[in-house]
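Please read the following explanation alongside the sequence and the coordinates, taking the strands before the helices and the core.

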Amino acid sequence: MGVLSNKVDKSMLKKGDHIYSYRKAHLYSNHGIYVEEDRVIHYMSSSKSEGGCTNCGYDSNKQRGVVKTCLDCFLKGHSLYRFEYQVSSAHYVAKRSATCYTGSCNKPNVVVQRATRMLNNNGGSNLNLFEKNSMCFAVLCKTGNPNSAQEVAAKSKVKMALGLLDDLWTLAALFGLIDPQLDDDQAAESDDVDESGDVGGEDDEDGDEDEDAGEDDVDEDAG
Ligand SMILES: [Zn+2]
């Protein structure tokens, strides 16, 4: 393995990537989904007065919750990292918390669709479930599975109320990520990819996994 950092350069980002950056001397991290050129969908709970961004127009006074901003608004001057999926158990144990997950994730277009849906459904709702848990939001976008979000949060020692798991399921259903009555049909609703049966992703090595592995190699070389 040998890769101690998930740090990446902006130029290495691909649509659907789960990215994050640290805040306050690594006390916590801010997570989001890279959805298009220089745009990130993420959960913002704070509302510090910083004025509107001249690049993406994001105004923290007016917009909070699930927002789409430029990378600069997301990073706020901090370094950029990419969250890894389908890492080995040993890797998972060795890595710093909240940086990777052993479970699989969905294909980039599905992830982007999901994040966009979360963004579009944010208006008018008063959801504080992801407060300081932008990671849960991002993992949910990547996997469509609230259990994954909870597992990653547990690993990261994020203090989560027991009720949050139920809330995540509620939220996922609300956003149309899952249909509570059709457990096995999460994929059918989300996308029309050829391998629609592969939402679990275990047999997905021919797809995104290869690409991700390639990027990791770049990481290694750079580090
Ligand atoms: Zn901006």
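In this predicted model, strands β2 and β3 pair in the antiparallel sense, and four bridges join them. One of the facing positions along this pair is I33, which stands opposite I41 in β3. The two strands form a hairpin with two residues between them, and in that hairpin D38 takes a positive phi near 60°. On its other pairing, β3 runs antiparallel to β4, to which five bridges join it, and here the bridge partner of Y43 in β4 is V66. Strand β3 is also mostly covered, five of its six residues being buried.

These pairings belong to an open sheet of five strands, whose order is β4-β3-β2-β1-β5 and whose pairing is antiparallel. Because β4 (65–69) and β5 (81–82) stand at the edges, each with a single partner strand, one side of each is left without a neighbour in the sheet. For β5, the pairing with β1 (residues 18–23) is antiparallel and extends over two bridges, with Y20 standing opposite Y81 in β5.

Two helices pack on this sheet, and their directions relative to β2 can be set side by side. Helix α3 (residues 108–120) touches β2 (28–36), β3 (39–44) and β4, and its direction makes about 110° with that of β2. Helix α4, for its part, touches β1, β2 and β3, and its direction makes about 35° with that of β2.

How many of the residues of α4 are buried? Ten of its ten residues are, so that the helix is described as mostly covered; the buried residues include S134, K142 and T143 as well as F137 and L140. Just after α4, G144 takes a positive phi of about 70°.

The burial of α4 leads on to the nonpolar core. The largest such core has 43 residues, and those with the most contacts inside it are I33, A115, C136, V139, L140 and C141. Helix α4 (residues 134–143) supplies the largest share of this core, namely seven residues. Taking C141 as a point from which to look outward, and leaving aside its neighbours within four places in sequence, one finds it in contact with I33, V111, R114, A115 and M118. I33, already met as the residue opposite I41 in β3, is thus listed both among the contacts of C141 and among the residues with the most contacts inside the core.

How values were computed
Residues are numbered from 1 along each chain as its sequence is written. This is a predicted model: local features need pLDDT of at least 70, side-chain atom pairs count only at pLDDT 80 or more; totals for chains, interfaces and linings use all residues. A nonpolar core is a set of buried Ala, Val, Leu, Ile, Met, Phe, Trp, Tyr and Cys residues joined through C-beta atoms within 7 Å. A residue is buried if 20 or more other C-beta atoms lie within 10 Å of its own, exposed if 12 or fewer, and partly exposed in between; C-beta atoms are placed from the backbone. Two residues are in contact if their C-beta atoms, placed from the backbone, lie within 7 Å. Two strands pair if DSSP finds at least two bridges between them. Axes are lines fitted to C-alpha atoms, for helices over the stretch in contact, and angles run from 0 to 180 degrees between N-to-C directions.
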